[in-house]
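Reader: I would like a close look at one part of this model, the sheet and what packs around it. Please keep to what can be read from the coordinates.

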Amino acid sequence: MSINEKVLGTERRNLLIETLKKAQAPIPGRELGERTNVSRQVIVGDITLLKAKGEPIMATSRGYLYIHPQVDPKQIEKIIVCAHTPEQAMEELNILVDHGITVKDVKIEHQVYGDLTASVMVSNRYEVEKFIQNIEQKNAAFLLELTDGIHLHTIIASHPDEIKSAENALRKAGILVE
């Protein structure tokens, strides 16, 4: 790699950070590649390097997202345990977002790999629909398929009543594990 390529790479990665910091929604790698005149694969490498340098970038099913420090100290995070079939994934996520919840991630305990976590980052029905469509279009498996349906979600709410209400609705649907 020449010095010019290093400078171009550094400039491109700085541009990626600034672009992601300003974004209101995740940006797909393909789009970042188009903006910087490189392939999606180059963007994946750049993002990996930026993460290794401590940049708080998250890869979601809808693209890359810069994780800004939590501004609202009133937000509450909680981990809940759920169990259901893949066909009930949309129902589960819609129940949560309908109660004002943001679903941050999904976690499973894999028998070989240990804890596996994947970003979800949905907070409304539109985002849930896009998330499910992405899984279906890519013919991807839900993590819960590796654990007979049992999984955890980190959820975020602005008030404890939102969590209680969502848990009651999940309980009623037979999805919440207690």
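Author: Contact here means heavy atoms within 4.5 Å. Axes are lines fitted to C-alpha atoms, for helices over the stretch in contact, and angles run from 0 to 180 degrees between N-to-C directions. Helices (H or I, at least four residues) and strands (E, at least two) are DSSP runs, numbered from the N terminus. This is a predicted model, in which local features need pLDDT of at least 70 and side-chain atom pairs count only at pLDDT 80 or more, while totals for chains, interfaces and linings use all residues. Residues are numbered from 1 along each chain as its sequence is written, and side-chain values use heavy atoms, with hydrogens and water left out.

The sheet comes before its surroundings. It is open and has four strands in the order β3-β6-β4-β5, with antiparallel pairing; two strands pair if DSSP finds at least two bridges between them. At the edges are β3 and β5 (114-122), each of which pairs on one side only. On average, neighbouring strands of this sheet are turned by 25 degrees against each other, direction ignored. Strand β4 (residues 102-110) and strand β6 (residues 150-157) run antiparallel and are joined by five bridges. In this region K107 stands opposite L152 in β6.

Helix α4 lies across β3, β4, β5 and β6, and runs at about 20 degrees to β6. One of the residues in α4 is N94. N94 counts as buried because its relative accessibility is 9%; buried means under 20% relative accessible area, exposed over 50%, and partly exposed in between (1.4 Å probe, protein chains only). Apart from its neighbours within four places in sequence, N94 is in contact with R125 and V128.

The loop between β3 (76-83) and α4 (89-98) contains P86. P86 has 26% relative accessibility and therefore counts as partly exposed. Its contacts, leaving aside neighbours within four places in sequence, are F142, L144 and E145. P86 and D148 are 62 residues apart in sequence, and their C-alpha atoms are 9.7 Å apart in space.

Another helix can be added to the account. In α2 (residues 29-36), the buried residues include G29, L32, G33 and T36. These four cover an arc of only 100 degrees around the axis, which puts them on the same side of α2; the arc is that of the directions from the helix axis to the C-beta atoms. An α-helix has 3.6 residues a turn, so residues three or four places apart point the same way. After α2 comes N37, with a positive phi near 65 degrees.
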